[in-house]
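Here are some worked exercises to try with the model open beside you. Read each task, have a go, and then follow the solution step by step.

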Amino acid sequence: MSRIIYDPRVTDHESTATQDERFRALPGRPGKVIAVHLSYASRADQRGRRPGHASYFLKPSSSIAASGGVVERPAGTELLAFEGEVALIIGTPARRVTIDAAWSHVDWVTAGNDLGLYDLRTNDRGSNLRAKGGDGFTPLGPALIDARTVDPGALRVRSWVNGAPAQADTTANLMFSLAQIVADLSQHLTLETGDVILTGTPAGASVLVPGDVVEVEVDVPGGSSTGRLVTTVTQGEVAFDDALGSLPSIDDAQRAEAWGSREAAGLGPTLAPSLREKLLRTPVAGLSAQLRRRGLNNVTIEGVRPLRPGAKLVGTARTLRFVPNREDLFERHGGGYNAQKRAFDAVGTGEVLVIEARGETGSATLGDVLAIRAHSRGAAGIVTDGGVRDGDAVAAVGIPVFCAGTHPAVLGRKHVPWDADVTVACGGATIQPGDIIVGDSDGVIIVPPALAEEVADAALAQEDEDAWIATQVSAGHAIDGLFPMNASWRSRYEAWRAAQ
């Protein structure tokens, strides 16, 4: 079958491309736009999960825009995110083609920007129709590269926001090759001439605000280039109508995914190395005393102990909530990639996964596989007021785990995994994502981030004082007047400190 030849620079080309400015970089209006969820290893690792197979969603052709256009961030929203991508344009129809033959059905390569509004994902996840289908949400162009002239494994995609580099990766780092994506799609549906495939985005995609200018370029380093696809963000004036459908709704999980990470989204403090080091030296008992002096008495996670004696725990909280088991709810929420698995896939370096299990120890809330996953993600530890199964194996993983006990039964005996990154109640205490969690052999305590440096310094100073008092008692001095110190002993202590 002959291949269509199209040069977007020819101004008198007789096609719908010249009839509608949105499609000027294309041979015509595509019948469908297909997008890949996760394809680059860098993006998958950023999200904390590597899928075994590619998955897809559809975007309407009405979302296509040309280079140099604008896109609105709708009124009442905040999470309009860009994703620079390699876009493929089908030349000859493909149905049940092999990987070896797949690339011959691709005529052109161009730059694409898979814009999405994360504010709408809560009620739209999976289909992505509202979140990704808005007018102007699929800029393409500005020029096409002849697919016959390039190696599909050597294409580069780069993005810039306001001139600053944001993304850079090559198709050599795809988890699923471009040919595999085409072949896979063709076994489910016919890819028709002009169809567009957005092949996924690498790490670095993030949130745009009104006034931002985002650029995307696809090229062969040292060779052909699409030029830069330019889109400017404007502020929309029209809000969504709740009488017609669900309104934008966001949580910290959506913010983290839109920005690329919790740190980029500004969610919760990340512990400075100096503060982490202080807290590692500070006993929980000392922190408890200092927090009590500041009026905070309900900051202890009751009933949990380290699975491995001597474990020390310091990190910022990520949270996971279980609700009591109900068979019909477990059937819908307990299997597959449930909230429990998502939480263990998302916990990051230096974070502590805190699990609300209502103090129910009649089944496990994690086992060795999930402990290994958290450990491999760099998590600082796990705290659960429920049970742990495979206790010896979990302890051997090396990650600090504090729990209310061990139990051989699996999760579904008592719990349904419900949601993550929300405020939870664990061991009778309230924990919010971003709270600082410290644990040792005395138990686990919550330190409000705003007080952490202050109470750590005060607790360490108190430790020095208590150690000096212990030395005096060991030397035979009476406790009266020494513990706590009266003015005379205080003077002697201050003199000793000054001499050190």
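## Exercise 1: A nonpolar core

Task: In this predicted model, which residues does isoleucine 301 touch, not counting residues up to four places away in sequence?

Solution. Isoleucine 301 touches Val383, Cys426, Gly427, Ala429, Ile431, Val444 and Ile446, once residues up to four places away in sequence are set aside. Next, place Ile301 in the largest nonpolar core, which has 33 residues. Ile301, Val383, Ile431, Ile437, Val438 and Val447 are the members that touch the most others there. Another core lies apart from this one; its 32 residues include Ile34, Ile90, Ala94 and Leu191.

## Exercise 2: A covered strand

Task: How many residues of strand β20 (residues 351-356) are buried, and which strands pair with β20?

Solution. Start with burial: six of the six residues of β20 are buried. Now split the strand by face. On one side sit Glu351, Leu353 and Ile355, and on the other Val352, Val354 and Glu356, all of them buried, so both faces are covered, where buried means under 20% relative accessible area.

Then turn to the partners. Strand β19 (residues 313-324) pairs with β20 in the parallel sense over six bridges, and alanine 317 has valine 352 in β20 as its bridge partner. Strand β21 (residues 381-384) also pairs with β20 in the parallel sense, over four bridges. Here valine 354 is matched with valine 383 in β21. Val383 takes us back to Exercise 1, as one of the residues that isoleucine 301 touches.

## Exercise 3: Around valine 209

Task: Where does valine 209 lie, and is valine 209 buried or partly exposed?

Solution. First, locate the residue: valine 209 is in the loop between β14 (207-208) and β15 (213-219). Second, check the accessibility. Valine 209 counts as partly exposed because its relative accessibility is 36%, and the partly exposed range runs from 20% to 50%. Third, look for contacts: beyond its neighbours within four places in sequence, valine 209 meets Arg73 and Val233. For a distance check, take the C-alpha atoms of valine 209 and alanine 420, which are 211 residues apart along the chain and separated by 27 Å.

The contacts can be followed into paired strands. Strand β4 (residues 69-75) and strand β16 (residues 229-239) are parallel partners over six bridges, with valine 71 matched to valine 233 in β16. β15 pairs with β16 in the antiparallel sense over four bridges, and glutamate 215 stands opposite valine 230 in β16.

## Exercise 4: A sheet with open edges

Task: In what order do the three strands of the open sheet that includes β14 run, and why is one side of β8 and of β14 left without a neighbour?

Solution. The order is β8-β5-β14, with antiparallel pairing. β8 (116-117) and β14 stand at the edges and have a single partner strand each, which means that one side of each has no neighbour in the sheet. Strand β5 (residues 80-81) is joined to β14 by two bridges, and alanine 81 faces valine 207 in β14.

## Exercise 5: A surface patch

Task: Which residues form a nonpolar patch on the surface with about 280 Å² of accessible area together?

Solution. The members are Val473, Ile479 and Phe483. Take valine 473 as the example: this residue lies in helix α13 (residues 452-474). Valine 473 counts as partly exposed because its relative accessibility is 34%.

How values were computed
Residues numbered from 1 in each chain as written. Predicted model: local features only at pLDDT ≥ 70, side-chain atom pairs only at ≥ 80, totals over all residues. Heavy atoms only, no water. Buried < 20%, exposed > 50% of the residue type's maximum accessible area, 1.4 Å probe, protein only. Contact = heavy atoms within 4.5 Å. Patch = residues over 30% accessible without salt bridge, like charges linked within 9 Å, V, L, I, M, F, W, Y side chains within 5 Å. Areas by Shrake-Rupley, 256 points an atom, 1.4 Å probe, with all protein chains shown as cover. Salt bridge = Lys/Arg side-chain N within 4 Å of Asp/Glu carboxyl O. Core = buried A, V, L, I, M, F, W, Y, C linked by side-chain atoms within 4.5 Å. Pairing = 2+ DSSP bridges.
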